[in-house]
Amino acid sequence: MYRIRFHGRGGQGMKTASRMLGSAFFAEGFEVQDAPRYGAERRGAPIFAYVRADRAPINERGIIRQPDLVIVADDSLVAVPAAGVLGGMTSDTVLLINSHESPDTWRHRLNAQSTILVLPEPFEPEDHAELPYAGAACAGAAAQLLGVIPWASMEQALRHELAELAPAVIETNVTRARTAFERMEPHRGCVREGRAVSAADYVPPNWVEVPFEAARISAPAIHAPATSVEVKTGLWRTLRPVIDYDRCSRCWWVCSSFCPDSAINVDAAGRPEIDYDHCKGCMICVAQCPPHAIETIPEHDAQAAEGGKE
Amino acid sequence: MSAREAMIKRMKDLPSTHLLGTGTPMCAGCGGLEALHEVYDVLGENSVFVNAAGCMTLLSVYPFTPFRGSWLYTAMASAPAGAQGVRDALDILLEKKRVTKAEDLEVAVLTGDGAAYGMGLSATSGAIERNLDFLYLCYDNEGYGNTGQQYSGATPHAAKTATSGGPRGFAGYKKDLFAIWVAHKPAYVATVVGAEPLDLARKIEKAKQLTGPRLIIALAPCPPGWGYDPKDSVDIGRLAVRTGVWPLKEYVDGKVVHTKIPHPRRPVEEYLSKQGRFAHLFAPKRNEALLAQLQAKVDAYWAQVSE
Ligand SMILES: Cc1ncc(C[n+]2csc(CCOP(=O)(O)OP(=O)(O)O)c2C)c(N)n1
Ligand code: SF4
Ligand SMILES: [Mg+2]
């Protein structure tokens, strides 16, 4: 059985990529599962989707823990633990990253024995949330690396999944998928099918036995206010707003009131401060600041300038 | 200019630190979350939220919550019934002196438009009929946002949704929930939008002083559902007001008053053209007839508003 996991940010088309690949497998006579992980698939948030394909009926369910192929549409996710990109990878897993850095750099950085390949975007976008064709490119590359999906089936699946879009957009997607497919030609078929896993070999996790208790005790009550601050939604950010305090007129309320996420607070002197642990990078503050005192910096540049936030 | 100065002074009265916690799973630029955080700042932490299924259900996912008080999740049609139960329980505790007047809580219903304009309508009608003392906040993103923006009773005519495509978009018309609620003669009904925080804060303050059913509809610009860049959320909310598409008004003491009459009213097109869900009105060819129809509908609304 082939087990493929796609990683990206909400909006980068990984769900569509999994569907395109799943349909192509299906056209080749495989049994297929493809699904995004259901949850808060918000723009910029780390998400994943997966595909299982086999010649025999698939009895496995749930998320893929031991992938044969991992595809990452956004290289900034590799270092984000919450994204779980490296989870369950072994030396047999092939890792394909949409990145401008070399496979050697990644191998060194990750200290990994796996086959690592890169598929650079043809241009470096300022905002990584804008990778409109990444899904098609990732699916096209995957088809080639698997070696069991000819281009014709991939193209047909792609046209089928994107049928609702404007003709020009479909053609660009096809071209991007085809380019990625061709680029991966030297690595054709490098992904090997993973072992069949029998339910008999299943080892349950170390469950904690919880006795049956009255709802007063067992209900999932939260005993502290505003615990959501523990969730670092700053990870979603692909653009970073930065306040130029020389230009900020201490208007008091504009950026702070409009920020949907309560991520800008103003001190008694009227000085606003952005909470980067939680700012999702919506950039409403940039658009609304009356003296235009808030600038936009691509998050990957900001992090590079900080010396890489690992 | 004294009125304007007074207004600016009031703007400085808007809170500069916020009660609603950060770290929620709402989309970047969510207009509903913007309205909620502005409402919560005024409403205060002595409140219980009763939340029907929708995007905002994801606010409180154990063990995380942005609220400082309790939160109850109900089925999509039943939030006002849930609020009745919470209010009754509080009243019993007050009567038994297990809760003091100072410890009493404001019961607030929080639902999307799918619930408010559709399957939650009868529970709301019943709650108003029983004169339930509660506040209802509907964040209106004009569709079933959480499940991928299918159309709802709040979807505007001609908008594209996941279930209304084609060159003419949604064939139905946005239901007038304000009028439906007002027909019940509750204590208070108002429309707000996060892009007008001062108008919103004043209305929530007013609602807070009243007892009985108080119902608020917040237009909630939704980047993924409406098809625009998250940074434009506030501009789009403001344009909804300035083009007259979203009239800001309140119903109190048996009268409807418009709180912000747009002068001059900008062409509706300015609002529509910024959103992907109306793109088919402009390309491949401008649909002059449909654009004129949408403008005429807004004009007709304002023609019957006396200033
Ligand atoms: C009775 C029922 N039907 C369908 C659903 C699935 N569902 C969950 S959220 C949602 C959309 C609700 O739309 P709305 O009230 O506008 O809130 P939004 O998602 O836009 O925030 C639906 C249909 C449900 N939870 N309950
Ligand atoms: S889908 Fe729309 S309403 Fe729902 S969280 Fe996202 S922006 Fe807000
Ligand atoms: Mg909705």
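# Close-up views of a predicted two-chain model

**Figure 1. Chain A in overview.** Chain A has 9 helices and 10 strands. The coordinates shown here and in the following figures are those of a predicted model. The C-alpha trace of chain A extends over about 65 × 60 × 40 Å along its principal axes. Of the 310 residues in chain A, 46% are buried. Among contacts in chain A with a separation of 6 or more, 69% are made by residues 24 or more positions apart.

**Figure 2. The two assigned domains of chain A.** The domain assignment divides chain A into domain 1 (2-197) and domain 2 (233-309). Taken over C-alpha atoms, the centres of domain 1 of chain A and domain 2 of chain A are separated by 33 Å.

**Figure 3. Thr179(A) and its helix.** Helix α5 (residues 167-183) of chain A contains Thr179(A). With a relative accessibility of 40%, Thr179(A) is classed as partly exposed, since the partly exposed class lies between the limits of 20% and 50%. Between the C-alpha atoms of Thr179(A) and Val118(A) there are 13 Å, and the two residues stand 61 residues apart along the chain.

**Figure 4. The surroundings of ligand 2.** One residue of chain A, Arg42(A), takes part in the shell around ligand 2. Chain B supplies Met26(B), Cys27(B), Cys30(B), Cys55(B), Asn141(B), Cys222(B), Pro223(B) and Pro224(B). Because residues from both chains A and B surround ligand 2, the site is shared between chains. By residue class, the shell around ligand 2 comprises 7 nonpolar, 1 polar and 1 charged.

**Figure 5. The magnesium ion (ligand 3) and its protein donors.** Asp113(B) through OD, Asn141(B) through OD1 and Gly143(B) through O are the protein donors of the magnesium ion (ligand 3), at 2.0 to 2.2 Å from the ion. The spacing of these donor residues in sequence is D-x27-N-x1-G. Distant parts of the chain are linked by the pair Asp113(B) and Asn141(B), which are 28 residues apart. Asp113(B) belongs to helix α4 (residues 113-119) of chain B, whereas Asn141(B) lies in the loop between β4 (134-140) and α6 (177-182) of chain B. Asp113(B) has a relative accessibility of 1% and counts as buried. Asn141(B), with a relative accessible area of 6%, is also buried. Asn141(B) appears in the shell around ligand 2 as well.

**Figure 6. The largest nonpolar core.** The largest nonpolar core holds 93 residues, and the members that touch the most others are Leu36(B), Leu110(B) and Trp181(B). Helix α2 (residues 31-43) of chain B gives the most to this core, contributing 7 residues. Another core, of 45 residues, lies apart from it and includes Tyr2(A), Ala136(A), Cys138(A) and Ala141(A). In soluble globular proteins, nonpolar side chains tend to be buried together.

**Figure 7. Contacts of Leu110(B).** When neighbours within four places in sequence are left aside, Leu110(B) is in contact with Leu36(B), Phe49(B), Val50(B), Asn51(B) and Ala52(B), among others. Further contacts of Leu110(B) include Met56(B), Leu59(B), Phe67(B), Leu137(B) and Tyr139(B).

**Figure 8. Cis peptide bonds in chain B.** Tyr62(B) and Pro63(B) are joined by a cis peptide bond with omega of about 0°. Pro63(B) is placed in the loop between β1 (47-52) and β2 (71-74) of chain B. The peptide bond from Ala283(B) to Pro284(B) is likewise cis, its omega being near 0°. Pro284(B) is placed in the loop between α10 (268-272) and α11 (288-303) of chain B.

**Figure 9. Positive phi angles at Ala158(B) and Lys185(B).** Ala158(B), a residue other than glycine, has a positive phi, near 80°. The loop between β4 and α6 of chain B holds Ala158(B), and this residue is buried, with a relative accessible area of 0%. Lys185(B), also a residue other than glycine, has a positive phi near 55°. Lys185(B) is found in the loop between α6 and β5 (188-193) of chain B and counts as exposed at 65% relative accessibility.

**Figure 10. Helix α9 of chain B.** Helix α9 (residues 233-242) of chain B is largely enclosed by the rest of the structure, because 8 of its 10 residues are buried. The buried residues of α9(B) are Ser233(B), Val234(B), Ile236(B), Gly237(B), Arg238(B), Leu239(B), Ala240(B) and Val241(B). Gly244(B), just after α9(B), adopts a positive phi of about 85°.

Conventions:
Residues are numbered from 1 along each chain as its sequence is written. Chains are lettered from A and ligands numbered from 1 in the order in which they are written. This is a predicted model: local features need pLDDT of at least 70, side-chain atom pairs count only at pLDDT 80 or more; totals for chains, interfaces and linings use all residues. Side-chain values use heavy atoms; hydrogens and water are left out. A residue is near a molecule or strand if one of its heavy atoms lies within 4 Å of it. Ala, Val, Leu, Ile, Met, Phe, Trp, Tyr, Cys and Pro count as nonpolar, Asp, Glu, Lys and Arg as charged, and the others, Gly among them, as polar. A nonpolar core is a set of buried Ala, Val, Leu, Ile, Met, Phe, Trp, Tyr and Cys residues joined through side-chain atoms within 4.5 Å. Buried means under 20% relative accessible area, exposed over 50%, partly exposed in between (1.4 Å probe, protein chains only). Helices (H or I, at least four residues) and strands (E, at least two) are DSSP runs, numbered from the N terminus. Contact means heavy atoms within 4.5 Å. Donors are N, O and S atoms within 2.8 Å of the metal (3.2 Å for Na, K and Ca); water is not among the atoms, so sites may look incomplete. Domain bounds come from an automatic or database domain assignment.
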